[in-house]
Amino acid sequence: MATISIIDPVSRIEGHLKVEIEIEGGFISNAKICGTLFRGFEQLMKNRAPDDAPIITQRICGVCPISHAKASVAALEDVIGWSPSENARLLRNLIQGANFLQSHILHFYVLSAVDFTPGPQHAPWTPSWDTDIRAGLEIVMEHFSSALNARRQAHEMGALFGGKMPHAASMVPGGVSASVTAERINAFREYLTALQDFVKNTYVPDVERIGDVYKDYFELGAGPGNLLSFGVFEDESNNKLFTAGYMEAGDAGPSDVFTSNDIREYVTHSWYQDDEGRPPAQGETLPQHPKEDAYSWIKAPRLFTKAFEAGPLARMKVCGAYSGGVSVLDRHLARAHESAIIADAMVGWLNELQAGSAFDSDYSHGVGSGEGLTEAPRGALGHWVSVGNDGKIQNYQVITPTCWNASPLDNSGVPGPLEQALIGLPVINESQPVEALRVIHSFDPCLACAVHAFRPSGERITEVYTGGRYAR
Ligand code: NFE
C-alpha cells in the first residue's frame, strides 16, 4: 500500500511550495508539486506605463530581480528594435553577474548544504532530520559564515552600478542609469577578486566534497533529461557566454533552432481558465479556483510539447561547458562551476567598461510587441509585452525557470521535470524523506517567481497540512 507523504511547506526555498509524494515499496511512485500562492503580476502590468515594467516585475522576487529587469527592458527595447550601447551591455552583464553569484552562493550554503551535512546543533538548524546524513563534511558548514559574507559582497558589488540591491534602480529601458566612475570600477574589482577566490577555493571544492561522499546522487533525480537555455551575458556581437539552445535526453549536442512560438503554456492542471495551450505572447492569467483536476498555481510551459528542465546545469550542458550527466549532484556541480566562469567573465567586462554614461536619452518607447529572453540564476526566463496605441501596456506575460521546473501535469498528463525527477526515487525513511528534499533543492525552486499578486483579502486558498511533519 502506498504511503502519502506531504511536505508543506517545503523549507529552504524561496516562496510557497507543497510537495505530495506517494511511497510504495521504498520508492516514490507518484509526485505532485503544488505552487500554493496565487500572485498574478501579469494583471498588475495591464494599462501601466512601460517604464513601470522593469520596476514592478523585479518585485516578483528578491533573489533574481536583476534577470526580471533585464528581461523586461529587453522586451520593451525589442518593441522598437533597440540595441543597448556597449557600456550599457557591459553594465547589465556585470549587475546580472553579481546577482547570479549571490544567488548561487546563497543556494548552496544556506538552502542546500544542510541536506547533506549536519548543521550546527542549535536554532535555526534544529530540530532537523537525521536520516542518511553522512560523516566527513563538517568543513562545509564551517564555511557557512564566510559564505554569508561572500553573498553580502556580491550584493554590495552589484549595488555599485545597480543603485541598490536586491531590486536595482538603474536597469532601465535605453541603458543603465548609473554613472560609471573610476572609483566605482576599482571598488567593483576589489569585490570581484574576493568573490573569484571564494568561488574557486571554497564553493567549488565544497560541492566536490559533497560529491565524493554522496556519489550515489550522481545517479538520482534525473527527471526528463530535456534541457533548455535562453542564453545570457551578451558580447559585442550579441553572442552569449551561455548560448541559447536545447537538448533532448539522448541528443548528442544542442540545437538552437527554436523560437518562443514553439512554447505553449498549459493550464489543464493549474488553477486558471483557458483550456488550450497558448504561446506566451498570447498568454492569459485568469484564475479559476477551485477547478477539477487542478492542483497548482504554476502553469505548465512546454517546448515542442515536451517538459524541459531549466537552470545552471541546462545552461552549462547546452553551451558545452559541462560534460557530466543530469542528477542532483550534477545540478550542484554545474552551478558551482558556472559561478567560476561568470566571475572570470566579469573581469573581462569590467576591463572593457568605460567611465561615463551608459544611458542613451534618444530612447523612447514604441507601440507593438516585444520579447525579452534571458537567463535567471534558476534558468530560462522570458517576458512578453505588447504596448497599445495609447502608450500603455496591453498584455504582459512572464515565464520563469521555476515554471518550467516545478510545473504540474500538462494537457497530455505528462508530469513536470521536478515531478519526474522525484518519481522512482528510493526513500529510506518514509517519515523523513530527505531524498526528496535533496532532489527538490537541487533545482533551487523559487515559488515566488513561479506563481507570479497576492490575494488581498488574505483568504485561505489551499488546505495546509497540519499533521506536524514539516521538513526542517
Ligand atoms: Ni525567485 Fe527566479 C530565478 C526567476 S525562479 S528566483 O532565478 O525568474 O523562477
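Guide: A residue counts as buried when its relative accessible area is under 20%. Keep that in mind as we look around this predicted model.

Visitor: Are Cys-64 and Cys-449 buried or exposed?
Guide: The cut-off for buried is under 20% relative accessible area. Cys-449 has a relative accessible area of 3%, so this residue falls under the cut-off. Cys-64 is in the same class as Cys-449, and the word for both is buried.

Visitor: Which residues coordinate the nickel atom of the ligand?
Guide: Along the chain, the donors of the nickel atom follow the spacing C-x384-C-x2-C. Their SG atoms coordinate the nickel at 2.1 to 2.4 Å. The residues are Cys-61, Cys-446 and Cys-449.

Visitor: What arrangement do the four donor atoms around the nickel atom of the ligand make?
Guide: Four donors count as tetrahedral if all angles lie between 85 and 135 degrees. Ideal angles for four tetrahedral donors are 109.5 degrees. Around the nickel atom of the ligand the angles are 104 to 113 degrees, so the arrangement is tetrahedral.

Visitor: How many residues apart are Cys-61 and Cys-449?
Guide: This pair links distant parts of the chain. Cys-61, buried at 2% relative accessibility, sits in the loop between H2 and H3. Cys-449 lies in helix H13, and the separation is 388 residues.

Visitor: Now for the iron atom of the ligand: is its site tetrahedral or irregular?
Guide: Cys-64 and Cys-449 coordinate the iron through their SG atoms at 2.4 to 2.8 Å. The angles among the four donor atoms of the iron run from 76 to 167 degrees. A tetrahedral site needs all angles between 85 and 135 degrees, so the site of the iron atom is irregular.

Visitor: Which residue coordinates both the iron atom and the nickel atom of the ligand?
Guide: The two metal atoms lie 3.1 Å apart. Cys-64 and Cys-449 are the residues that coordinate the iron, while Cys-61, Cys-446 and Cys-449 coordinate the nickel. The name found in both groups is Cys-449.

Visitor: Which residue has a polar backbone atom 2.8 Å from an oxygen atom of the ligand?
Guide: The residues around the ligand include His-68, Pro-377 and Arg-378. A polar side-chain atom of His-68 lies 3.0 Å from an oxygen atom of the ligand, and a backbone N or O atom of Pro-377 lies 3.3 Å from one. At 2.8 Å, the polar backbone atom belongs to Arg-378.

Visitor: Let's move to the sheet. Which strands stand at the edges?
Guide: Three strands form an open sheet in the order E1-E2-E3, with antiparallel pairing. An edge strand has a single partner strand, so one side is left without a neighbour in the sheet. Reading the order from end to end, the edge strands are E1 (3-7) and E3 (27-35).

Visitor: Which residue in E2 is the bridge partner of Ile-7?
Guide: Strand E2 spans residues 17-24. E1 and E2 pair in the antiparallel sense over five bridges. In E2, the bridge partner of Ile-7 is Val-19.

Visitor: Which side chain makes a polar contact with the side chain of Asn-429?
Guide: Asn-429 is found in the loop between helix H11 (417-422) and helix H12 (434-442). This residue counts as partly exposed, at 25% relative accessibility. At 3.1 Å, the side chain in contact is that of Thr-131.

How values were computed:
Residues numbered from 1 in each chain as written. Predicted model: local features only at pLDDT ≥ 70, side-chain atom pairs only at ≥ 80, totals over all residues. Heavy atoms only, no water. Donors = N, O, S within 2.8 Å, 3.2 Å for Na, K, Ca; no water. Tetrahedral: all angles 85-135°; square planar, octahedral: opposite > 155°, others 65-115°. Buried < 20%, exposed > 50% of the residue type's maximum accessible area, 1.4 Å probe, protein only. Pairing = 2+ DSSP bridges. Helix = DSSP H or I, 4+ residues; strand = E, 2+ residues; numbered from the N terminus. Polar contact = N/O pair within 3.5 Å; in protein donor to acceptor, adjacent residues only side chain to side chain. Near = heavy atom within 4 Å.
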